[in-house]
Amino acid sequence: MLALTELGQRLRQERESKGLSLEDLQKLTKIQKRYLLGIEEGNYEVMPGKFYVRAFIKQYCEAIGLDTDAIFEEYKSDIPSTQTEDMPQQLSRVRSRKEIPQHTKGVSKAYDYLPTVLVVAGVVVVGIIIWVIAQNIVSDKNKEQANEEAPNSEVQQSNTQEETNETTAKNDNSTSEDEQSAADKKEQEEEKAAKEKAEKEKAEKEKAEKEKKDSGKQEYKEVQKTGRSATYALSGTDAFNLEVTSTQADTWLDVKNGKGNAFFSSILKKGETKEFDLTKETEARVNIGYSPGVELKVNGKAVDLPFDSSKQVRQVVTIQYQPAEAQ
């Protein structure tokens, strides 16, 4: 393994302090793990090019909450500059007269045949005009024949019109019945929707009243606090609903019950909220990888994190729950 550069050491320390593994960082940045490891070890030879080195370092810093400009200024001796790369010789736009293809000399000869080409094109255009005029004459003759046969067709059209009117009348009656049936069906659907809405509103109102009633009795108090972990006791309520929201940046979130069964173990993206119904559990363990900007609510009521997030980035909160009816 290569020796870490000062920049690599700084980045790895920040990543580990936020409880992120290289796999977690790969998910956040979409950068392959071997490139992330290359950045930490200062092994830029594994990168596709110097431009990608700077771009990947920038994404790494943003993912773990570091000031990119400050990092680039502080560790500029560790970061390669893209301005030193030479332009490939084959991309040069300057070519000597000798390099110009010799086959272009034949272009001038083509201009010698231009008059002949123009004459032939003129003949073709005149032929097209004559053909169009002939087609118009034939079309006029066909129209005259059609007008002579019109009187006989009018009688046939009259009979056809009467049959069409009868068919239309039948269709109108059928359409009227279909419209009535559709109107009845729509009315039934509206009544059903209104009934479901009223039942939903009633259920939500009853739930809100119950939560309001429980919140008056609810007690959430600290039991113990050590290192980066703290334990709280939740009592005086028959519900245990937990909400976790990340408002500043993506963070790793792991929520398990007292038996170690996981409810969620993944990245909680910025602005995302996860809700957990833990009423049937007696204990829940919440592991937060990056606590700045993370908000916790218990039964809809906001509760503080146990530690100052600017000093303790990773925090573990254990909540022990005892239903009110069991007390």
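What percentage of the contacts in the protein with a separation of 6 or more is accounted for by residues 24 or more positions apart? Residues at least that far along the chain supply 65% of these contacts. The exercises below use a predicted model.

**Exercise 1. Describe the overall make-up of the protein.**

Step 1. Eight helices and ten strands are present in the protein.

Step 2. Of the 327 residues, 26% are buried.

**Exercise 2. Determine how helix H2 is placed against helix H3, and list the residues in contact.**

Step 1. H2 covers residues 22-29 and H3 covers residues 33-41. Their axes lie 9 Å apart, and the packing angle is about 110°.

Step 2. Angles of 65 to 115 degrees count as roughly perpendicular. H2 and H3 are therefore roughly perpendicular to each other.

Step 3. The crossing of H2 past H3 is right-handed.

Step 4. On the H2 side, the contact consists of Leu22, Glu23, Leu25, Gln26 and Thr29. On the H3 side, Lys33, Leu36, Leu37 and Glu40 take part.

Step 5. Sorted by class, the contact of H2 with H3 contains four nonpolar, two polar and three charged residues.

**Exercise 3. Work out the orientation of helix H1 relative to H3, and give the composition of the contact.**

Step 1. H1 spans residues 6-17. The axes of H1 and H3 come within 6 Å, with a crossing angle of roughly 125°.

Step 2. This angle makes H1 oblique to H3.

Step 3. H1 contributes Gly8, Gln9, Leu11, Arg12 and Arg15 to the contact, while H3 contributes Leu37, Ile39 and Glu40.

Step 4. The contact of H1 with H3 has three nonpolar, two polar and three charged residues.

**Exercise 4. Do the same for H3 and H4.**

Step 1. The axes of H3 and H4 cross at roughly 90° and come within 11 Å.

Step 2. H3 and H4 are therefore roughly perpendicular to each other.

Step 3. From H3, Tyr35, Leu36, Ile39 and Glu40 meet Phe56, Ile57 and Tyr60 of H4.

Step 4. This contact of H3 with H4 divides into six nonpolar residues, no polar residue and one charged residue.

**Exercise 5. Identify the buried residues of H3 and the helices they pack against.**

Step 1. Tyr35, Leu36, Gly38, Ile39, Glu40 and Glu41 are the buried residues of H3.

Step 2. The buried residues of H3 pack against H1, H2 and H4.

Step 3. Glu40, one of the buried residues, is in the contact with H2, in the contact with H1 and in the contact with H4.

Step 4. Just after H3 comes Gly42, with a positive phi of about 70°.

**Exercise 6. Characterise the pair of Tyr52 and Phe56, and place it among its aromatic neighbours.**

Step 1. Six aromatic pairs occur in the structure. In the pair of Tyr52 and Phe56, the ring centres are 5.8 Å apart and the planes make an angle of 55°, a tilted arrangement.

Step 2. Both residues belong to helix H4 (residues 50-63) and are four residues apart, about one turn of the helix. An α-helix has 3.6 residues a turn, so residues three or four places apart point the same way.

Step 3. Buried requires under 20% relative accessible area. Phe56 is buried, at 12%, whereas Tyr52 counts as partly exposed, at 38% relative accessibility.

Step 4. Tyr52 and Phe56 belong to one aromatic cluster together with Tyr35 and Phe51. Tyr35 is in H3 and Phe56 in H4, and both appear in the contact of these helices.

Terms used
Residues are numbered from 1 along each chain as its sequence is written. This is a predicted model: local features need pLDDT of at least 70, side-chain atom pairs count only at pLDDT 80 or more; totals for chains, interfaces and linings use all residues. Side-chain values use heavy atoms; hydrogens and water are left out. Axes are lines fitted to C-alpha atoms, for helices over the stretch in contact, and angles run from 0 to 180 degrees between N-to-C directions. Helices (H or I, at least four residues) and strands (E, at least two) are DSSP runs, numbered from the N terminus. Angles under 35 degrees count as roughly parallel, over 145 as roughly antiparallel, 65 to 115 as roughly perpendicular and the rest as oblique. A crossing is left-handed if the near helix is turned anticlockwise from the far one by less than a right angle, and right-handed if clockwise. Contact means heavy atoms within 4.5 Å. Ala, Val, Leu, Ile, Met, Phe, Trp, Tyr, Cys and Pro count as nonpolar, Asp, Glu, Lys and Arg as charged, and the others, Gly among them, as polar. Rings of Phe, Tyr and Trp (its six-membered ring) pair if their centres lie within 6.5 Å; planes under 30 degrees apart count as stacked, over 60 as edge-to-face and the rest as tilted. Buried means under 20% relative accessible area, exposed over 50%, partly exposed in between (1.4 Å probe, protein chains only).
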